[in-house]
Amino acid sequence: MMEIVRDHWHYRRQIFKLANTDLAKTYRGAALGWAWAFIKPTITVLVFLFAFTVGFRSGQPVNGYPYYVWLITGIVPWFYMSDMLTGGAEAIRSYPYLVTKMKFPVSTISTFVSLSKFYVHILLLALTVLIYFIGGGRLDLYSLQLPLYMILMFVFSTAWSLLAAPLSAISKDFSSLVKSVGTPIFWLSGIMWNPDTVDNKAVEIFLILNPFTFLTSGYRDVFVNKRWFWEDPAASIVFLVVLALMVALAVRTHNRLRREIPDVL
Amino acid sequence: MCCNADATHNQTLTPDTAIDTSEYAVQFRNVSKAYKLYRDDKHRFLSIFSRRIPHHLAYANQDISFSIKRGEAVSFFGRNGAGKSTILKMITGVAFPTEGEIIVNGRVSALLELSAGFDSHFTGRENIYLRGRILGMTDQEIGRLEDTIVEFAALDEYIDQPLRTYSSGMRARLGFACAVSIDPEVLVIDEALSVGDKAFQKKCSAKVREIIAQDHVTVLFVTHSTGIAQEFCTRGIVLDKGHVLFDGPIAEASAFYENMLGK
């Protein structure tokens, strides 16, 4: 653990530089370049809006806010998390030369990849706030919670990447497994349906244990539901426990595999 | 065939030290390196969760000890698989010893497989910056080296083209130019002098000679050609099957190696 923290401190300058480089790499070579950071999520959001308001004829306002505000405030954090779910797991695989060709602390790869995706998230979030204003939202005390949820989401996703990237580097099966669970997680975590309206004990417990639900609901609590994180202490505590477990597991895996990764990559 | 997976990891790598007065650039103390071989990738994956998965340890280096003084130029000889590249990788800090201790003093610049180690999405010039940033240099520092590197690599207008459009010779030239231009204190060269055409090889040799002439730079060399080695180095280490067989003056080491191959 200390070693990971030390590496991050020593390489702090490189981490920020490499995050910029990673961002440039993602949008390089396409004529529209940067615009893709917006085009892809916009299409997804429009398709869901169409399906739910026109197709299923649901899409009722939530807590006085239009349905599209409710949808976007939950799906924007998910875009980042789903990016990290697969991209974070592939972090080491996409920078093999940092591992096998030069001396570079492997743990920081997850961090700069996560940071690069987080920049995109911040841009999309700015757009979300704009849409929230258009939908009749105003800044209020609840907005103060937003940085908290952003940090929690960043830490959670980075820890996931620290855990998954070495496993993914060693096992192709693991990386395929990760790619196939994205869609199930999306539909099971109450991102497209309101987890508050669930009326089934087992499902409720599953949602409380689910960190993705906690984070997307957290964003919605800020914008739409107007709830404080301490109003549901059970969910907050469970999330912190899950997060701590994730970090502990990530550190353990990292220590175990760090020296082996260059040998197998 | 199962062996202990808890081998002691004793390693002190301090390439960031700016000023170092120690006499040795590289020290190996009873270093062994074993690669864990599993029956297949499934077993390797399971080994993450259990230490009881059967595996076989393949030793690339066994009980290697040597000390290389600052400013020495040393050549490593050996057949394929003798463990030369593993030693260089451990000096570079890319691979980790299974047992023993390695001490490296000074900024290491490695020429391991010259054509690799760049990001093919970026142009040559961007890769120079990427390399420098990874090493922790500021953009100004890199800017000062940029012209030297561009000039040495002699890639003309290709320097601003993405690396995926490069031939392997062009990549090697850029790799060599980067490695020799960043003021290395320990220069590790793995079969690198045979890149590019005759003219570029000559340029490389001249540059390496210039670096060796600076008395604080340590050069470590892997080559199959005893001729090239005798030209650059003063000392030779002959390896076979992971063991050091001979360590001494370059002429004797070359003779020993030639003799070993002759058998």
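**Exercise 1.** State which residue takes a positive phi in the hairpin of E9(B) and E10(B), and how the two strands pair.

*Solution.* The hairpin has 2 residues between the strands, and B:Lys241 takes a positive phi near 50 degrees. This is a predicted model, in which local features need pLDDT of at least 70, side-chain atom pairs count only at pLDDT 80 or more, and totals for chains, interfaces and linings use all residues. Residues are numbered from 1 along each chain as its sequence is written, while chains are lettered from A and ligands numbered from 1 in the order in which they are written. Strands (DSSP runs E of at least two residues, numbered from the N terminus, as are helices, H or I of at least four) pair if DSSP finds at least two bridges between them. E9(B) pairs with E10 (residues 243–249) in the antiparallel sense over 6 bridges, with B:Asp240 opposite B:His243.

**Exercise 2.** Identify the sense in which strand E4 of chain B runs relative to E9(B).

*Solution.* E4 (residues 73–77) and E9 (residues 235–240) of chain B run parallel, joined by 4 bridges. B:Phe77 stands opposite B:Val238.

**Exercise 3.** Compare the end-to-end distance of helix H4 of chain B with its expected span.

*Solution.* The expected span is 1.5 Å times one less than the number of residues. H4 (residues 139–153) has 15 residues and should therefore span 21 Å; its end C-alpha atoms are 20 Å apart, which agrees. A kink of about 35 degrees is centred on B:Leu145; the bend is the angle between axes fitted to the seven residues ending at a residue and the seven starting there. B:Ala154, with a positive phi near 50 degrees, follows H4(B).
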